[in-house]
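Here are some notes to read beside the structure. They deal with one sheet, the helix against it, and a group of aromatic side chains.

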Amino acid sequence: MTQTSSHRQKIQRRPVHGVLLLDKPLGLSSNQALQKAKWLLRADKAGHTGTLDPLATGVLPLCFGAATKFSQIQLDADKTYEAVLLLGKRTSTADAEGEVIETRPVPEITPALLRDLTVRFTGPLAQVPPMYSALKKDGKALYEYARKGQEVEREARHITIFKLEMAQVHDERAPAAIKITVTCSKGTYIRTLGEDIGEAIGCGAHLGSLRRLETGGYTTQQCVSLPALEAMTEPEREACLLPAQSLVSAYPSVTLDADNAGRFLSGLRRRGEPGQWGADAPLVQVYGPAAGQGGDAPAFLGSAHITADELIPQRLLSPIEIQDILNTARNSGDAAPAGAAALVHH
């Protein structure tokens with residue numbers, strides 16, 4: 001048994017619930033960053049919300065405990081990136097980590113050219129995923145084929161570039177470089193976008209750097225770095241966690257009375273009076289009643305959708321998760337989550 005594995009076995013895992021906004025460092029995979037944060041928090045359950053390449057930095061929401069149930073919402077969210085395209089060279093991976101496979105002269109980069117490119121690459125696009133990606137083909141990740149020098153056919157995916165800004169910048173790694181800021185739909189590969197822009201210019205390009213600035217409403221300003229997290233005490237790390245409901249905070253909310261809340265947590269649909277739950281909606285956040293005195297916030301129960309005045313459960317917190325969150329709030333001195341204790345024993 002190695003010293004590392006022995007050390008990790010001695011760590012007492014515990015239930016941790018919430019979202020940690022990590023500023024992923026350069027050189028780590030998303031899973032490596034997740035495992036470091038999970039170890040620091042001693043969390044027993046964790047997952048990330050979509051991968052960032054080791055080359056990339058920026059916003060990486062990490063979900064712990066109950067929050068993992070709502071991570072798909074972040075996977076589907078629009079995202080904003082900032083990248084530097086190095087013109088004149090194509091690489092095997094479409095970024096600075098790959099081998100140079102083609103070199104071409106770079107034409108003059110004019111403001112008019114950048115304006116034309118911005119128009120051309122804004123809006124709905126069809127994008128062929130790169131070979132160096134985790135997408136599966138016949139049960140194997142594309143990068144497994146790529147590492148063996150094999151290229152397989154990939155179907156184009158429909159994506160949307162909602163906003164694109166381009167500016168020429170100086171970068172000593174290339175004869176010319178362009179900084180792009182991109183707001184895009186899920187499934188967009190910025191490496192592929194960079195390659196396509198390079199081909200449109202006629203000289204080829206690859207990514208010199210990539211940073212995710214925003215995903216689903218979370219921004220870099222809200223993030224904590226791994227070194228900062230390592231320097232904190234455990235209570236300070238816990239204080240960095242956002243509640244699980246922050247993942248659905250952009251959606252309408254419904255607050256139930258104690259009886260309906262207990263039945264909802266059992267997975268039962270709740271039929272209301274016309275308009276009681278609000279208009280039909282594909283997703284709403286659902287809360288239970290506040291507990292007793294003062295400013296206690298409602299207890300987050302999970303998500304649902306509304307169809308024809310029926311509130312239909314989707315993803316629910318378990319009674320144990322609610323109790324864990326209640327206990328954590330009590331121990332930290334925060335307002336208790338809303339009637340959670342009563343709901344647990346309903």
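1. In this predicted model, strand 14 and strand 16, the latter made of residues 281-287, run parallel to one another and are paired over three bridges. Within this part of the model, Ser253 stands opposite Gln285 of strand 16.

2. The wider setting is an open sheet of five strands, arranged in the order 14-16-17-18-15, with mixed pairing. Strand 14 (253-255) and strand 15 (270-271) are the edge strands, and because each has a single partner strand, one side of each is left without a neighbour in the sheet.

3. Helix 9, which spans residues 258-265, packs on this sheet and touches strand 15, strand 16, strand 17 (300-307) and strand 18 (310-316). The direction of helix 9 makes an angle of about 85 degrees with that of strand 17.

4. Which residues of helix 9 are buried? They are Asn260, Ala261, Gly262, Phe264 and Leu265. Just after helix 9 comes Gly267, whose phi is positive, at about 90 degrees.

5. Turning to the aromatic side chains, a search of the whole structure gives two aromatic pairs. One of them joins Phe70 and Phe300 in a tilted arrangement, with 5.4 Å from centre to centre and 55 degrees between the planes. Since Phe70 lies in the loop between strand 3 (56-64) and helix 3 (71-75), while Phe300 belongs to strand 17, this pair ties together parts that are 230 residues apart in sequence.

6. The pair of Tyr287 and Phe300 is also tilted, with the ring centres 5.5 Å apart and the planes at 55 degrees. Here Tyr287 comes from strand 16 and Phe300 from strand 17, and the two residues are 13 residues apart in the chain.

7. Are the rings of these pairs carried by buried or exposed residues? Phe70 and Phe300 are both buried. For Phe300 the relative accessibility is 6%, and because the cut-off for buried is under 20%, Phe300 counts as buried. Tyr287, with a relative accessible area of 11%, is buried as well.

8. Taken together, Phe70, Tyr287 and Phe300 make up one aromatic cluster. Phe300 takes part in the pair with Phe70 and in the pair with Tyr287, and a reader tracing the cluster in the model may therefore begin at strand 17, where Phe300 lies, and go from there to the loop between strand 3 and helix 3 that holds Phe70.

Notes:
Residues numbered from 1 in each chain as written. Predicted model: local features only at pLDDT ≥ 70, side-chain atom pairs only at ≥ 80, totals over all residues. Heavy atoms only, no water. Pairing = 2+ DSSP bridges. Helix = DSSP H or I, 4+ residues; strand = E, 2+ residues; numbered from the N terminus. Contact = heavy atoms within 4.5 Å. Axes fitted to C-alpha atoms, helices over the stretch in contact; angles between N-to-C directions. Buried < 20%, exposed > 50% of the residue type's maximum accessible area, 1.4 Å probe, protein only. Phe/Tyr/Trp six-rings, centres within 6.5 Å; stacked < 30°, edge-to-face > 60°.
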